[in-house]
Amino acid sequence: MKVLVVIGHQRPGSFCHAIAETACQTLRRLGHEVIFHDLYQERFDPILPHEQIPKGAPRPPEIEEHCRQLREADGLVIVHPNWWSMPPAILKGWVDRVFCQGVAYEFTEAGEVVEHLAGKRALVFTTSNTPPDVEMKLFGDPLENLWRNCILGFCGVKDFYRRNFGPIITSTLEQRQQWLKEVDQIVAERFACS
């Protein structure tokens with residue numbers, strides 16, 4: 001199985017990076033091919049120029065490569081912090097530029113959606129500093145809806161799971177170590193060899 005792992009976190013050594021590293025190690029241990037992108041490290045350009053929006057529009061080679069990797073991947077693991085109930089701008093820009101019409105989805109002449117990512121599986125790991133009960137009381141769970149329905153579900157991904165870890169700011173080393181064991185277990189279960 002080929003799995004695309006993408007992290008959107010600005011600080012090397014962050015807990016998000018530890019999650020991504022654990023996910024990659026687990027996937028490789030299971031014998032999967034891992035394609036890894038650290039968007040900040042790669043200085044990914046999140047700006048989507050207007051002329052690249054139409055279906056079939058020419059895109060820069062590096063964006064075409066990301067699009068090809070998304071199409072060819074059997075699975076997807078995305079890791080990011082919760083910023084204002086959204087992913088960081090660099091990750092949102094990656095979605096804008098890579099989950100484009102003709103790659104992740106397209107519309108028929110009748111206006112129906114063709115889901116090009118159907119049959120793939122996805123894991124999203126997020127981190128936050130807001131206590132979970134406060135988050136739910138104030139906002140519900142916007143990231144769950146965003147990834148499950150608005151992005152991945154819209155493109156055909158039905159095999160989806162998301163896990164949020166936090167609050168990070170008050171977590172202990174022991175908690176973070178336990179959370180990384182949980183990441184290993186979740187990845188192993190969701191991407192078990194069949």
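**Entry 1: a buried histidine**

A residue counts as buried when its relative accessible area is under 20%. I wanted that cut-off in hand before opening this predicted model. My first stop was histidine 37, which I found in strand β2. Its relative accessibility is 9%, so I noted histidine 37 as buried. Next I asked which residues histidine 37 touches, leaving aside those up to four places away in sequence. The list I wrote down is Leu4, Val5, Val6, Ile7, Glu42, His66 and Gln69.

**Entry 2: helix α1**

I turned to α1, which runs over 15–29. With 15 residues at 1.5 Å a residue, I expected a span of 21 Å, since the rule takes one less than the number of residues. The end C-alpha atoms of α1 are 21 Å apart, so the expected span and the model agree.

Then I looked up which residues of α1 are buried. They are Phe15, Cys16, His17, Ile19, Ala20, Thr22, Ala23, Cys24, Thr26 and Leu27. What covers them? I found that the cover includes the strands β1 (2–7), β2 (33–38), β3 (75–81), β6 (121–127) and β7, along with the helix α6. Just after α1, I noticed glycine 31 with a positive phi of about 90°.

**Entry 3: the largest pocket**

Rolling a probe the size of a water molecule over the atoms shows where empty space is left. I went to the largest pocket and noted a volume of about 320 Å³. I counted 19 residues in its lining. Which of them lie nearest the centre? They are His9, Arg11, Phe15, Thr127 and Ile168. Phe15 was already in my notes as one of the buried residues of α1.

Both α1 and α6 (173–190) supply at least two residues of this lining. α6 gives the most, with four residues. Sorted by class, the lining of the largest pocket has eight nonpolar, nine polar and two charged residues.

**Entry 4: the second largest pocket**

The second largest pocket holds about 170 Å³ of space. I wrote down its lining residues: Asn82, Ser128, Thr130, Pro131, Pro132, Glu135, Met136, Asp141, Glu144, Arg162, Arg163 and Asn164. Which elements supply at least two residues each? I found α4 (132–139) and β7 (159–165). By class, this lining divides into three nonpolar, four polar and five charged residues.

**Entry 5: backbone surprises**

Most residues other than glycine have a negative phi, and most peptide bonds are trans. With that in mind, I looked for exceptions.

Arginine 43 is one of them, with a positive phi of about 55° although it is not a glycine. I placed arginine 43 in the loop between β2 and α2 (61–72). Is arginine 43 buried or exposed? Its relative accessibility is 74%, so arginine 43 counts as exposed.

Tryptophan 84 also has a positive phi of about 55° without being a glycine. I found tryptophan 84 in the loop between β3 and α3 (89–98). At 80% relative accessibility, tryptophan 84 counts as exposed.

My last stop was the peptide bond from glycine 166 to proline 167, which is cis, with omega near -5°. Where is proline 167? I located proline 167 in the loop between β7 and α6. Those two elements were familiar by then, as both are among the cover of the buried residues of α1.

Terms used:
Residues numbered from 1 in each chain as written. Predicted model: local features only at pLDDT ≥ 70, side-chain atom pairs only at ≥ 80, totals over all residues. Heavy atoms only, no water. 1 Å grid on protein atoms, 1.4 Å probe; cavity = no way out; pocket = protein on both sides within 12 Å on 5 of 7 lines; lining within 4 Å. Points joined across faces, edges and corners; volume = space filled by probe spheres on them. Nonpolar A, V, L, I, M, F, W, Y, C, P; charged D, E, K, R; others polar. Buried < 20%, exposed > 50% of the residue type's maximum accessible area, 1.4 Å probe, protein only. Contact = heavy atoms within 4.5 Å.
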